[in-house]
Amino acid sequence: MGYRVGVDIGGTFADFCAFDEDSGAIATVKVLSTPATPGQEVIEGLNQLRTRFGIAPGDITWFTHGTTVGINSIIQRKGIRLALFTTENFVDVLELARLKQPDPYHLMSRRPEPLVTRDRVMGIAERILADGRVDTPLRRESVEAAVARARAMGCEGIVLAFLHSYRNPAHEIDCAAMIGEIAPELEVYASHRIRPIIREYERTSTAVLHSYVQAPVAAYLTSLEVALAEIGVGARAMITKSNGGVMTAELGKTQCIDMLLSGTAAGVMGAAYVAREAGLPRVLSLDIGGTSADVAIIMGGEPGFGSAEVVGDFPVYVPTVSVTSIGEGGGSVASLDDMGLLAVGPESAGSTPGPACYGRGGERATITDAFAVLGYIGHGKLGYDMVGIDREAARLAVGALAGPLRRSVEEAAEGIIEIAVSGMYREVSKLASRQGIDIADFALLAFGGAGPMMACLLARELAISTVVVPRTPGVLSALGGLTSDAKNDFVATAYVLLSREAMPEIRATVDALAADALAWIREQGFLAAAELRPSAEMRYRGQSFEIEIALKDEWVTSGDVAAIAGAFHAEHRRLYGHADEAAPIQIIQLNMVVLGATPKPRLAPPPAATGEAVPSGTVEVYLDGALRSVPLYRRDALAPGHTFESPAIVAQDDTTTCVPPGFSVAVDPHGNLVIARKG
C-alpha cells in the first residue's frame with residue numbers, strides 16, 4: 001500500500017492532497033503557482049510532501065492532476081496559429097456563431113474575436129449533403145491553394161470542419177491526407193475526430209478550441225511525465241477531465257478538449273464526495289480561488305452535467321460538469337470605474353505579484369486585501385506558511401481607493417467585499433432561476449482558499465440557512481481528483497425517426513459505441529468490469545433542440561419502441577409541463593458513457609471532542625460597520641461535538657472561515673463545520 005496523491009493548480013496556489021491507503025489519514029500542502037514555468041509547482045509540492053510528512057515519491061501509487069494549461073491558453077490567447085478550412089461559401093461560421101449578443105441588455109456589446117480570424121478561414125470546393133451523399137467532390141486544386149495561403153500566413157496547424165462530416169467524414173479524411181502530402185509540417189485537426197456532433201457551429205467551435213490548445217497541452221503533459229519520472233514517481237500520471245472523470249496524461253495529449261475544465265470539475269467532484277459522506281441531499285458548492293468563484297448544483301450527492309459550457313469567451317460542446325464561473329476570487333482586483341464607482345474583478349492579481357498583503361510586489365487592492373484590512377486574516381501565515389500577511393500594505397492598497405470614495409479604509413474594504421458578494425448573489429440567483437429551484441432549500445458547501453471567508457456573507461443574502469465547510473476546504477479540488485472514476489463519452493449521429501424499422505440501426509450504433517467505450521477503458525488500464533450508460537438525444541419532429549434520455553439495455557436489445565418513447569414523453573412533460581404522445585419522435589444522436597471505478601478514499605473520522613470548544617484568543621475585526629472583538633478558533637483544536645456562537649473566526653492552514661453575527665457553529669462527525677443561520 002502507499003499514497004494516492006491529487007493535485008490541483010489554481011491562479012494563486014497549487015493544492016496537494018495525499019491519502020494514506022493504510023490509515024485513511026490525509027496530508028495536505030499548498031505551494032504558490034508558477035505560471036511562468038508550468039509544472040514546477042508540482043515538483044515543489046511533492047518535495048513539500050516529502051519534507052513535511054515523509055511521503056517519498058516512490059510511495060505514490062496513484063497520481064491525479066487538474067491542470068489549467070488549456071483554459072489559460074484560451075483566455076490569454078496563447079495557442080498556436082491556426083487556419084480553418086470549411087465548405088466553400090460557409091467561411092463565416094465562427095463569426096456568425098448563433099447570432100446571439102453576449103449581453104442582450106447592452107446595445108454596444110460585441111462578440112469576441114474568434115481564435116481563427118476571418119482572413120485565416122478558407123473555403124474548400126466540396127459538399128456533402130445531410131444524408132451523407134456527395135454533392136460536390138473534393139477538389140485537390142482547392143486544397144492546394146488554401147494550404148499555400150495558410151503557409152504564407154505562418155499558420156502552424158489546419159482545422160477541417162466541413163458540412164455534415166459527422167454523417168460522412170470522407171472529405172475530411174481525404175483532405176487531411178492531401179495536406180499531409182502537400183505540407184507535412186502542418187498539424188491537421190479534423191472535426192469528425194474531435195467531436196462528431198451534428199450542428200455546424202458547435203462542431204467547428206469545439207474543433208478550433210481543441211486544435212488551438214493541443215500543442216501547449218501536449219508539451220506540458222510531456223514535461224510533467226518527465227519530471228515525475230525524474231523525481232521518482234512510478235505511478236501513471238492521470239489527468240482530471242471536464243466531465244468529472246480521469247484519463248491518462250498520455251491520452252490527454254491528444255484528447256485535450258476533454259480536460260479544458262479539469263480543475264473546476266475536480267472541485268465539484270470533491271464537493272459531491274463531501275455531500276455524500278455528510279448526507280446532504282441538496283448542495284450549492286462554492287469554490288472561490290484566486291481568480292474566480294465557481295458554483296454548482298449537487299443533488300443527491302451527484303453534480304449536474306451539461307454539454308455547452310463556456311471556456312474563456314467561447315462555448316465548448318463536450319460533456320462537462322455544470323459550473324457557473326464568476327470573476328470574483330480572492331485575488332480579484334478592486335478599482336474605480338470611469339464614473340468613479342467601486343468595481344471588483346474580473347482582473348486577478350494571481351500569484352505574481354499577488355494581493356498587496358502577500359508582500360510580493362502587488363500594489364493594487366484585492367478582495368484578500370480587504371479581508372486583511374478588516375482583520376479577518378493576518379493572524380498567522382496563509383497557505384501552509386507559504387505567505388505572510390502584511391496588513392499595512394493592504395491598508396495602503398485599499399486606501400488608494402478610499403480617498404477618492406471619501407470613505408475610511410475600513411469602509412472601503414467592506415465595500416469591496418459587499419460588491420463581490422452582490423456579484424455572486426446575482427449569478428447564483430440567475431442559476432437558480434434557470435434550474436427552477438429555490439436556493440434557500442440548499443446547503444452552501446464552501447471551499448477553496450477564499451470560499452469559507454465569504455460563504456456566510458453570501459448565505460445571508462441568499463437566505464440560505466446552512467453553510468458547510470469541509471475539513472480541508474483549501475485543497476478540496478485536489479481531493480476531488482482522488483474520488484473520480486475513469487470516464488469517457490462517445491457520440492454518434494443517428495437522425496432517424498423512432499420506429500420499429502429504425503431499431504436495427506439504433507441497436508447497431510449503440511453496439512459500436514459500446515465496443516469503442518470498452519476499448520478505451522482497457523487502454524486506461526482498467527481490466528475489471530466497466531459500467532456502460534447509453535442515452536439518446538431526442539426531440540419531437542420539427543423541434544430545434546433535443547433532450548437527453550437514458551436508455552435501458554433491454555429497450556435497445558428488444559427493440560422496445562414504446563418504452564423509449566414513453567421515457568421521452570415523461571421527461572418532456574417534466575421539463576416543459578406537456579407532452580404530445582401522438583407526435584413523431586426523432587433520435588438525433590446516440591451517446592455512450594463508460595465508467596471504470598477507481599478505489600475511493602475513506603477518510604478516517606476525527607476523534608470526538610472531550611470538552612468545550614475554547615478559542616485561542618480574540619482579534620479586532622471591523623464587521624457590519626463596527627469594530628468588534630471576536631473569538632479566534634484554531635481548526636485543528638476543533639473536534640466532532642464542539643459548538644460555539646458567532647461572531648467568530650476559524651483559522652487553519654489552508655483557509656480562514658469567517659462567521660458573522662446570526663449564526664451558530666457545530667462540528668459534525670466527519671469534522672465538517674456546520675454553520676447554521678439563526679431565526
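Just after helix α10, G375 takes a positive phi of about 95° in this predicted model. The helix that leads up to this glycine spans residues 367–374, and it is mostly covered, with eight of its eight residues buried. Reading along α10, the buried residues are I367, T368, D369, A370, F371, A372, V373 and L374.

A helpful next step is to look at a partner of this helix. Two packed helices are described by the angle between their axes and the distance between the axes. For α10 and helix α11 (residues 391–405), the angle is about 115° and the axes lie 8 Å apart. The crossing of these two helices is left-handed. On the α10 side, the residues that take part are D369, A370, A372, V373 and L374, and they meet R391, A394, R395 and V398 of α11. Sorted by class, this contact has six nonpolar residues and three charged ones, with no polar residues.

The view can now widen to the nonpolar cores. In soluble globular proteins, nonpolar side chains tend to be buried together. Here, the largest nonpolar core holds 126 residues, and the members that touch the most others are L46 and L498. Helix α7 (residues 200–231) gives this core its largest share, 13 residues. What is L46 in contact with, once its neighbours within four places in sequence are left aside? The partners of L46 are V5, F16, I60, F63, L228, I231 and V233. Apart from this core lies another one of 79 residues, whose members include L401, A446, A455 and V650.

Note on methods
Residues numbered from 1 in each chain as written. Predicted model: local features only at pLDDT ≥ 70, side-chain atom pairs only at ≥ 80, totals over all residues. Heavy atoms only, no water. Core = buried A, V, L, I, M, F, W, Y, C linked by side-chain atoms within 4.5 Å. Buried < 20%, exposed > 50% of the residue type's maximum accessible area, 1.4 Å probe, protein only. Helix = DSSP H or I, 4+ residues; strand = E, 2+ residues; numbered from the N terminus. Contact = heavy atoms within 4.5 Å. Axes fitted to C-alpha atoms, helices over the stretch in contact; angles between N-to-C directions. Left-handed = near helix turned anticlockwise from the far one by under 90°. Nonpolar A, V, L, I, M, F, W, Y, C, P; charged D, E, K, R; others polar.
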